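Biologist: I am new to this structure. Please take me through it, and explain each term as it comes up.

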Amino acid sequence: MRRTSVVVVIALLALAAVAVPWSRTPAPRAQGVDVYINITGGGAKRLNIAVPEFTVIAGTDTAALGKLLASVAGQDLTFSGLFSVVAGTGSIPPNNPEALRQSWAEFAAAGAHAAVHGLVALRGDRLETEMRLYDLTSPEHRLIAAKKFEGPTAQPRRLAHKIADEVVLQFTGEPGVADTKLAYVQGPAGAKEIWISDYDGANPVAVTKNGSINLMPVWSPDGRSLAMTSFVQGYPDLYRLFPFERRPVQTLAAFVGINSSPAWSPDGRSLAVTLSKDGNPEIYVLTVATGTLRRLTRHAGIDTEPVWSPTGQQIAFVSDRNGQPHIYVMDLDGSNVRQVTSSGFHTQPRWSPKGETIVYTQREGTHDLWAVSPDGSNPRRLTTGPGDNEGAAWAPNGRHLAFQSNRLGRWQVFAMLLDGSPPTQISQGPAEHTSPSWSPRLP
Amino acid sequence: MGTRRFHIAVMSLLLLGVVAAGCAKRPATTSVAAPPPPVPAPAAPPATSAPAPSAPEPASSTPAAAPATPTPAPAPAATTVRPVPAEFAAIPELRDIQFDFDQYDIRPDAARTLDANAAWLKSNANHLLLIEGHCDERGTNEYNLALGERRAKSAMNYLVAQGVQAARITIISYGEERPLCSEHNDTCWQQNRRGHFLVKPR
């Protein structure tokens with residue numbers, strides 16, 4: 001039994017890591033993962049990684065997929081906030097260890113700490129890829145891991161995303177989030193449809209086209225369906241649609257009054273929703289399979305925007321019971337209500353996947369994203385303009401937030417890390433893009 | 001191969017420590033066939049400016065876009081028949097009321113308007129009433145849907161107190177989704193924070 005322990009701990013702010021709550025929970029270590037980057041919230045140096053054009057080992061690459069795969073995987077690794085991609089040109093010839101050694105030596109001299117060698121075989125409508133991950137800081141360029149992925153030739157970007165997620169897994173113990181989707185609302189007031197795209201904005205597709213007003217898409221925990229509010233039947237009702245399946249849209253709630261703000265329970269069996277059927281907006285839990293409703297709030301004011309804690313034991317929500325809207329937390333039976341934020345105008349609570357943070361929107365003339373611990377401690381600003389920044393959605397790894405911003409004039413979806421680095425624009429084009437929801441990792 | 005223990009201190013990176021690793025493994029090549037990628041069934045007709053999605057693998061290419069009549073959930077999802085909003089029309093005799101920012105109480109000027117609206121409704125008892133609650137674009141969409149509901153409800157309560165039959169009245173919130181005015185200024189926002197009244201003959 002031999003031990004290999006290559007531990008690259010990137011933590012310039014080593015003590016800050018203790019203060020960054022989401023680094024407290026150690027990421028699960030996958031079997032065979034030897035290299036470890038301790039993910040800190042901010043200030044961490046990026047690892048320099050080379051991702052040269054993939055080597056074509058079978059078929060004819062008429063569509064330049066070798067170049068595309070490297071480019072997309074490189075963008076994914078840059079987006080992760082963990083890596084800087086070291087530029088290089090050309091692909092490495094197949095079955096040529098000397099050329100490979102030479103190439104890695106050049107990348108190492110250019111500052112690369114690691115390298116991804118991608119292989120691609122084009123077999124008609126199927127694409128086979130293999131990623132080989134090398135440690136360029138070791139004298140003999142040690143192979144860290146290798147893994148094969150295959151899929152339809154028509155979807156090369158998805159294979160690149162899977163490769164990037166595997167690289168992130170190898171370095172951090174938790175897969176990346178490149179193989180995920182975003183759902184969002186597209187269109188101006190009065191004509192909003194639900195669209196989905198890849199996490200990076202590629203492949204946008206409309207999943208409603210009913211000419212009505214469709215709002216607040218939220219991915220179910222299995223990534224197969226979206227809950228949303230739609231006026232398609234005239235009133236704001238709740239529906240569930242299945243964007244990847246031949247399955248009709250399901251009506252979840254169509255009571256008198258508003259039916260809105262759906263939030264999936266972590267097990268996907270229930271939705272916390274806002275209904276006003278009993279007189280004013282109150283929070284209920286709807287069991288999807290049976291349609292059973294359980295009322296959680298009883299208050300004359302507005303209670304809305306429920307979200308679940310990741311344990312499924314608590315619900316955060318917005319209430320104006322003390323005047324302006326603030327964030328509250330209650331137990332799943334509606335008891336033990338605690339006020340989390342005060343003095344301000346606070347809406348859109350979003351509980352982080354690891355449970356230690358609730359992000360919300362604060363209105364002070366314009367809107368910006370803030371974060372607070374669920375016990376109300378440590379409120380802190382995440383964005384400072386320009387424009388309005390609101391409607392946050394956590395990535396499944398709890399490291400990125402998608403949100404909507406009008407900083408460039410019209411509403412677009414952006415994504416950011418929580419370290420203060422500039423956000424990345426995700427949605428493109430002249431339409432308004434709002435209300436993002438980030439899918440779980442796809443199966 | 002793979003027999004030694006490396007501590008890699010890279011440039012300015014701070015080497016914190018060594019996390020115990022498991023058994024040494026040769027870099028094993030594992031093969032995982034990616035499951036069929038989820039490809040959205042396109043909405044019909046193909047969305048403008050959206051690249052056509054590639055052929056779905058198991059999913060059919062039949063549109064999954066919301067049909068005109070969604071199917072009900074397993075259990076009854078609604079209990080009451082609601083009138084069709086599109087059948088109601090605004091009339092000059094019923095005037096809008098306006099609200100302060102983030103408020104749903106009836107202002108004195110709105111009360112005077114509602115008194116006049118109530119008088120018309122009482123002398124035209126053959127009309128059903130739909131009250132729309134609206135918000136300006138400030139605030140956030142979900143909250144504004146609840147706020148619009150409260151505004152419509154406030155107007156309804158006032159009219160009922162003036163003797164208009166509650167059974168004649170339906171309310172609907174559009175939140176900030178149907179602004180009257182699309183500019184981004186105080187005048188426009190005030191116009192959008194409104195209760196709007198529409199009728200249809202019984």
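Modeller: Start with A:Ser270, whose bridge partner in strand 16 of chain A is A:Thr287. The model is predicted, so local features need pLDDT of at least 70, side-chain atom pairs count only at pLDDT 80 or more, and totals for chains, interfaces and linings use all residues. Residues are numbered from 1 along each chain as its sequence is written, and chains are lettered from A and ligands numbered from 1 in the order in which they are written.

Biologist: What makes strand 15 and strand 16 of chain A a pair?

Modeller: Two strands pair if DSSP finds at least two bridges between them. Strand 15 and strand 16 (residues 282-287) of chain A have six bridges, in the antiparallel sense. They therefore count as paired. Strands themselves are DSSP runs of E, at least two residues long, while helices are runs of H or I with at least four residues; both are numbered from the N terminus.

Biologist: What joins strand 15 of chain A to strand 16 of chain A?

Modeller: The two form a hairpin with six residues between them. In that turn, A:Gly279 has a positive phi of about 125°.

Biologist: How do you know that strand 14 of chain A pairs with strand 15 of chain A?

Modeller: Again, count the bridges. Strand 14 and strand 15 (residues 270-275) of chain A share four, and the sense is antiparallel. A:Trp264 has A:Leu271 as its bridge partner, and A:Ser260 stands opposite A:Thr274. This pair is a hairpin too, with five residues between the strands. A:Gly268 in the turn has a positive phi of about 75°.

Biologist: Which strands stand at the edges of this sheet?

Modeller: The open sheet has four strands in chain A, in the order 14-15-16-17, with antiparallel pairing. Its edges are strand 14 (259-264) and strand 17 (293-295), each pairing on one side only. The twist averages 30° from one strand to the next.

Biologist: Why is strand 15 of chain A called largely enclosed?

Modeller: A residue is buried if 20 or more other C-beta atoms lie within 10 Å of its own, exposed if 12 or fewer, and partly exposed in between, with C-beta atoms placed from the backbone. Six of the six residues of strand 15 of chain A are buried, so the rest of the structure largely encloses it. A:Ser270, A:Ala272 and A:Thr274 point one way, A:Leu271, A:Val273 and A:Leu275 the other, and all are buried.

Biologist: Why is A:Ser103 called buried?

Modeller: A:Ser103 has 21 C-beta neighbours inside 10 Å, so it counts as buried. It lies in helix 3 (residues 97-109) of chain A. Leaving out residues up to four places away in sequence, A:Ser103 touches A:Pro52 and A:Ile92. Touching means that C-beta atoms, placed from the backbone, lie within 7 Å.

Biologist: What makes a nonpolar core?

Modeller: It is a set of buried Ala, Val, Leu, Ile, Met, Phe, Trp, Tyr and Cys residues joined through C-beta atoms within 7 Å. The largest one here has 149 residues; A:Ile49, A:Ala73, A:Ala115, A:Ala316 and A:Leu401 touch the most other members. This core draws at least three residues from each of domain 1 (47-172) and domain 2 (181-438) of chain A. The domain bounds come from an automatic or database domain assignment. Beyond four places in sequence, A:Ala115 touches residues including A:Ile49, A:Trp104 and A:Phe107.

Biologist: How many ångströms separate the centres of domain 1 and domain 2 of chain A?

Modeller: The centres, taken over C-alpha atoms, are 36 Å apart. Their contact takes four residues from domain 1 and six residues from domain 2.

Biologist: Why is one side of strand 26 of chain A left without a neighbour in its sheet?

Modeller: Strand 26 (389-394) and strand 29 (424-425) of chain A are the edges, each with a single partner strand, so one side of each has no neighbour in the sheet. That open sheet has four strands in the order 26-27-28-29, with antiparallel pairing. Four bridges join strand 26 to strand 27 (residues 400-408) of chain A. A:Ala393 stands opposite A:Ala402 there.

Biologist: What does chain B contain?

Modeller: Chain B has three helices and six strands. From the N terminus they run β-β-β-α-β-α-β-α-β. Buried residues make up 37% of its 202 residues.

Methods:
Contact = placed C-beta atoms within 7 Å. Axes fitted to C-alpha atoms, helices over the stretch in contact; angles between N-to-C directions.
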